[in-house]
Amino acid sequence: MTLQQADPRALRDAFGAFATGVTVVTAQDADGKPIGFTANSFTSVSLDPPLLLVCLAKTSRNYATMTGARHFAVNVLSEGQKDVSNTFARPVEDRFAAVDWQVGAAGCPILGNVSAWFECATEKLVEAGDHVILMGRIEAFENSGLNGLGYARGGYFTPILASKAVSAAAEGNIELGAVLERHGEVLLVGDDVFSLPTCDGKDGSPADILRDYLEELTGLSVTIGFLYSVYEGKSDGKQHIVYRAFASEGEPRNGSFLKPDSLAKTHFKTSSTADIVARFAVESQLGNFGVYFGDETVGTVRSVPTKAAQP
């Protein structure tokens, strides 16, 4: 797709293929009140001098305050802080009432239980299209050692959680499956009775095995995303591992891409398939994707490990 053909949403989705961490950027306004917003456009710049940068949309309600602040802080969220990310991404009246925080040496809010934080003096503002780049010189920082919260393609993830789930399931007879999506639609195979594309697991990387199978099945280029469901099949005795996956443009050799929210009366091969498709329809609307653990009938959906696991 050329830039002339792409709309802003398509370009944003393409940017979203790059997995990032999640931060909350904080400062004080002119009245000494704390402000903050969620950002994943953050990166280190230099060790000597110690510099970092974060990007801020010019449409942000925090634009005037942030561009006028002499100091700001970047709080790198830990894997149990999805709720914190959501709080600072939404128009909540008092975002800081819902989180643990303290004032840093330069007056910036420092959030509790984060992976790391950096308090910075504003070094430079760089105009960058519809955003401005805030470059900061680091004056203080702390690294807690907690694992970070990840974000890609509209969903949170934690690689450690995914690897533990796959390792736990790998002890049994494995079936690999995919919610293979494109433009909000999901690939289903079958005629009158539909199912997700699946293949038997074997020695090797589950993601590589599943990708090769999907590309052979559809004739399309496929990218494997993050873990979506891990469950025990009581009826077939198999361990099921389902990933989100993403397909290239083109007509699939097998199966059809269908909108998941239009399949209420569709007949599915198994109840678990119906549950996965229904959950995906809801989570697509919300923009938050979780990981299901359990069996065919009972389980839980978690995007990240529980906060109880944190010190």
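A salt bridge is a side-chain nitrogen of Lys or Arg within 4 Å of a carboxyl oxygen of Asp or Glu. The exercises below use this definition on a predicted model.

**Exercise 1. Find out whether Asp-29 is buried or exposed, and which side chain of opposite charge is nearest to it.**

Step 1. Begin with the position in the chain: Asp-29 is found in the loop between β2 (23–28) and β3 (34–39).

Step 2. Asp-29 is buried, and the nearest side chain of opposite charge is that of Lys-33, 5.8 Å away. Because a salt bridge requires the two atoms to lie within 4 Å, this pair does not qualify, and Asp-29 has no salt bridge.

Step 3. Now look at the backbone of Lys-33, whose nitrogen is reached by the side chain of Asp-29 at 2.8 Å. If neighbours within four places in sequence are left aside, Asp-29 is in contact with Ile-35 and Thr-65.

**Exercise 2. Work out what span helix α5 should have, and compare it with the distance between its end C-alpha atoms.**

Step 1. Helix α5 runs over residues 206–218, which makes 13 residues, and at 1.5 Å a residue it should span 18 Å. The calculation multiplies 1.5 Å by one less than the number of residues.

Step 2. In the model the end C-alpha atoms of α5 are 18 Å apart, which agrees with the expected span.

Step 3. Turn next to the buried residues of α5, which are Ile-209, Leu-210, Leu-214, Leu-217 and Thr-218. Seen down the axis of α5, these buried residues fall within an arc of 140 degrees, so they line one face of the helix.

Step 4. The partners of the buried residues of α5 are strands: they pack against β13 (174–182), β14 (185–188), β16 (198–200), β17 (222–232) and β18 (239–247). After the helix comes Gly-219, which has a positive phi, near 75 degrees.

**Exercise 3. Trace the salt bridges that Arg-211 forms with Asp-208 and with Asp-212.**

Step 1. In the bridge between Arg-211 and Asp-208, the closest N and O atoms are 3.1 Å apart. Because the two residues are three apart in helix α5, they are separated by about one helical turn.

Step 2. Asp-212 also forms a salt bridge with Arg-211, and here the closest N and O atoms are 3.2 Å apart.

Step 3. Check the accessibility of each residue in turn. Arg-211 has a relative accessible area of 28% and is partly exposed; Asp-208, at 37%, counts as partly exposed, and Asp-212, at 44%, counts as partly exposed too.

**Exercise 4. Locate the two residues of the salt bridge between Lys-238 and Asp-200, and decide whether each is buried or exposed.**

Step 1. A search of the whole structure finds eight salt bridges. In one of these, the side chains of Lys-238 and Asp-200 meet at 3.7 Å, N to O.

Step 2. This pair links distant parts of the chain, since Lys-238 is in the loop between β17 and β18 while Asp-200 is in strand β16, 38 residues apart.

Step 3. With a relative accessible area of 19%, Lys-238 is buried, the cut-off being under 20%. Asp-200, at 51% relative accessibility, counts as exposed.

Step 4. A network of salt bridges links Glu-175, Asp-200 and Lys-238.

**Exercise 5. Explain why helix α3 is described as largely enclosed by the rest of the structure.**

Step 1. Helix α3 covers residues 82–89, and its buried residues are Lys-82, Val-84, Ser-85, Asn-86, Thr-87 and Phe-88.

Step 2. Six of the eight residues of α3 are therefore buried, and that is why the helix is largely enclosed by the rest of the structure.

**Exercise 6. Examine the backbone of three loops, and say what omega is for the bond between Asp-48 and Pro-49 and what phi is for Asn-113 and His-183.**

Step 1. The peptide bond that joins Asp-48 and Pro-49 is cis, with omega about 0 degrees. Pro-49 is found in the loop between β4 (42–47) and β5 (50–57).

Step 2. Asn-113, in the loop between β8 (109–111) and β9 (116–128), is a residue other than glycine with a positive phi, near 65 degrees. At 40% relative accessibility, Asn-113 counts as partly exposed.

Step 3. His-183, in the loop between β13 and β14, has a positive phi of about 55 degrees although it is not a glycine. At 60% relative accessibility, His-183 counts as exposed.

How values were computed. Residues numbered from 1 in each chain as written. Predicted model: local features only at pLDDT ≥ 70, side-chain atom pairs only at ≥ 80, totals over all residues. Heavy atoms only, no water. Helix = DSSP H or I, 4+ residues; strand = E, 2+ residues; numbered from the N terminus. Buried < 20%, exposed > 50% of the residue type's maximum accessible area, 1.4 Å probe, protein only. Arc of directions from axis to C-beta. Contact = heavy atoms within 4.5 Å. Lys, Arg positive; Asp, Glu negative; His and termini not counted. Polar contact = N/O pair within 3.5 Å; in protein donor to acceptor, adjacent residues only side chain to side chain.
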